[in-house]
Amino acid sequence: MQEYLNLLSQVLSSGTEKDDRTGTGTRSVFGAQMRFRLYNGFPLLTTKKIHWKSVVHELLWFIKGDTNIAYLKENGVSIWDEWADENGDLGPIYGEQWRSWPAYPLDPMGRLSIDQLGDAIHTLRTNPDSRRIIINAWNVGSLHEMALAPCHCLFQFNSRPIAHYHRVSLGAGLGVVMPTGASPDEEANILDEAGIPRRMLDLQLYQRSADLFLGVPFNIASYSLLLLMVAQVTGHTPGEFVWTGGDVHLYLNHFEQAREQIERLPLFLPDLRLNPKVREIDDFKFEDITLIGYDPHPAIKAPVAV
Ligand SMILES: Nc1nc(=O)c2c([nH]1)NC[C@@H]1CN(c3ccc(C(=O)N[C@@H](CCC(=O)O)C(=O)O)cc3)CN21
Ligand SMILES: O=c1ccn([C@H]2C[C@H](O)[C@@H](COP(=O)(O)O)O2)c(=O)[nH]1
């Protein structure tokens with residue numbers, strides 16, 4: 001996670017000060033990228049403690065297509081409270097766009113809405129070389145109904161073959177058959193005769209606006225977890241998560257916290273285990289996701305800009 005600390009330093013030392021919607025003020029750079037190889041450990045920040053339960057429940061909530069904070073509250077997650085209306089609604093944010101993007105007037109297949117995540121998984125199983133495996137939350141016609149315009153607004157999956165010798169070592173090392181929800185025909189495309197994945201899965205996110213101290217550590221963990229989950233249900237080995245940021249900023253009232261963090265030494269990354277029995281993205285439950293060996297530096301408090 002040294003890359004994250006480098007980006008914190010870069011924004012502090014060479015960012016431009018600018019005003020923002022919240023009235024807090026930021027120092028910001030435009031355009032940045034970080035890459036995380038998921039086979040080197042799960043990229044959950046170790047230089048401050050991240051509230052992991054919030055990351056997992058928020059992602060499961062997106063996957064459910066839910067946009068009301070009731071589920072989050074039942075599970076002790078408060079990160080969306082400030083933006084919800086009196087009924088707990090946030091408007092058609094991430095969950096709704098991922099799972100039921102409205103298809104008007106009528107889609108050629110007769111659908112009223114499009115399950116982008118379901119379609120992405122189907123394409124990864126049936127046509128993994130596709131360069132069109134994109135999930136977009138930036139629904140221009142619906143932005144005005146959303147409590148907050150999507151920050152992590154578009155992501156793309158990339159599936160690539162694994163070199164033969166690499167596959168052999170994976171097979172020797174793991175000796176497992178990747179579970180997938182695919183049909184036997186589809187499975188033959190995905191797994192070799194020994195049941196070893198033929199391919200590796202990458203995910204790149206475009207985040208148009210990035211609260212580097214509070215939001216980004218959550219966003220990295222959340223999309224890395226999503227990549228592992230989709231890899232499992234499509235029979236891929238997890239590859240790289242690529243984070244790309246637009247306006248990457250530190251709020252003026254996060255400088256002290258950022259400096260404190262930069263002085264800390266990164267520790268060993270934790271491991272993440274998914275219950276291998278889960279074969280469909282909708283079947284993951286909180287208990288199926290286990291973080292192992294997370295032993296970070298203490299949390300650092302910071303006010304959230306609303
Ligand atoms: N300014 C801003 N930054 C964000 O990161 C952000 C928004 N607004 N609005 C919508 C969502 C909500 N997200 C949030 C909101 C709050 C925290 C936060 O306060 N985190 C604390 C405590 C987390 C907890 O206890 O669950 C932290 O120390 O990480 C993190 C992400 C990410 N998003
Ligand atoms: O997942 C998220 C959600 C939000 N943010 C941050 C980025 C900005 O600081 C604010 C959004 O304000 P805008 O004026 O709409 O850009 O929330 C994040 O980093 N990650």
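The following questions and answers walk through a predicted model of one protein chain and its two ligands.

Reader: How many helices and strands are there in the chain, and is the chain as compact as a globular protein of that length or not?
Author: The radius of gyration of the chain is 20 Å, and the globule rule gives 19 Å for 306 residues, which is close, so the chain is as compact as a globular protein of that length. Along its principal axes, the C-alpha trace spans about 55 × 50 × 35 Å. As for the elements, the chain has nine helices and 10 strands.

Reader: Among contacts between residues at least 6 apart in sequence, what percentage join residues at least 24 apart?
Author: It helps to begin with burial, since buried residues make up 34% of the 306 residues in the chain. Turning to contacts between residues at least 6 apart in sequence, the share that joins residues at least 24 apart is 72%.

Reader: How do the strands β6, β7 and β8 pair, and which residue in β8 is the bridge partner of glutamine 207?
Author: Strand β6 runs antiparallel to β7, and nine bridges join them, with serine 159 standing opposite leucine 201 in β7. Strand β7 in turn pairs with β8 in the parallel sense over 10 bridges. Within that pairing, the partner of glutamine 207 in β8 is glycine 245.

Reader: Which residue in β8 does arginine 37 stand opposite?
Author: Strand β2, residues 26-37, and strand β8, residues 237-251, run antiparallel and are joined by 11 bridges. In this pairing, the residue of β8 opposite arginine 37 is glutamate 240.

Reader: Where does cysteine 151 lie, and does it count as buried or partly exposed?
Author: The UniProt record, an unreviewed entry, places the feature "active site" at Cys151, and this residue is found in the loop between β5 (134-136) and β6 (152-161). Those two strands run antiparallel and are joined by three bridges, one of which pairs isoleucine 135 with phenylalanine 155 in β6. A residue needs 20 or more other C-beta atoms within 10 Å to be buried, and because cysteine 151 has 18 such neighbours, it counts as partly exposed.

Reader: Leaving out residues up to four places away in sequence, which residues does cysteine 151 touch?
Author: Cysteine 151 is itself named among the nearest residues around ligand 2, together with Arg21, Ser209, Asp211 and Gly215. Once residues up to four places away in sequence are set aside, those that cysteine 151 touches are Gln207, Arg208, Ser209, Ala210 and Gly215.

Reader: How do the residues around ligand 2 divide into nonpolar, polar and charged?
Author: The shell around ligand 2 has 13 residues, and β7 (199-211) and α8 (215-234) each supply at least two of them. By type, the shell divides into six nonpolar, four polar and three charged.

Reader: How do the residues around ligand 1 divide in turn?
Author: Ligand 1 is surrounded by 13 residues, of which the closest are His51, Ser54, Ile79, Asp211 and Gly215. By type, this shell divides into nine nonpolar, three polar and one charged.

Reader: Does arginine 21 count as buried or exposed?
Author: Arginine 21 is found in the loop between β1 (16-18) and β2, and its C-alpha atom is separated by 24 Å from that of glutamate 58, which is 37 residues away along the chain. A residue is exposed if 12 or fewer other C-beta atoms lie within 10 Å of its own. Because arginine 21 has 10 C-beta neighbours inside that distance, it counts as exposed.

Note on methods
Residues numbered from 1 in each chain as written. Chains lettered and ligands numbered in written order. Predicted model: local features only at pLDDT ≥ 70, side-chain atom pairs only at ≥ 80, totals over all residues. Near = placed C-beta within 6 Å. Helix = DSSP H or I, 4+ residues; strand = E, 2+ residues; numbered from the N terminus. Nonpolar A, V, L, I, M, F, W, Y, C, P; charged D, E, K, R; others polar. Rg over C-alpha atoms; globule rule 2.2 N^0.38 Å. Contact = placed C-beta atoms within 7 Å. UniProt positions renumbered as here; feature names shortened; annotations may be inferred. Pairing = 2+ DSSP bridges.
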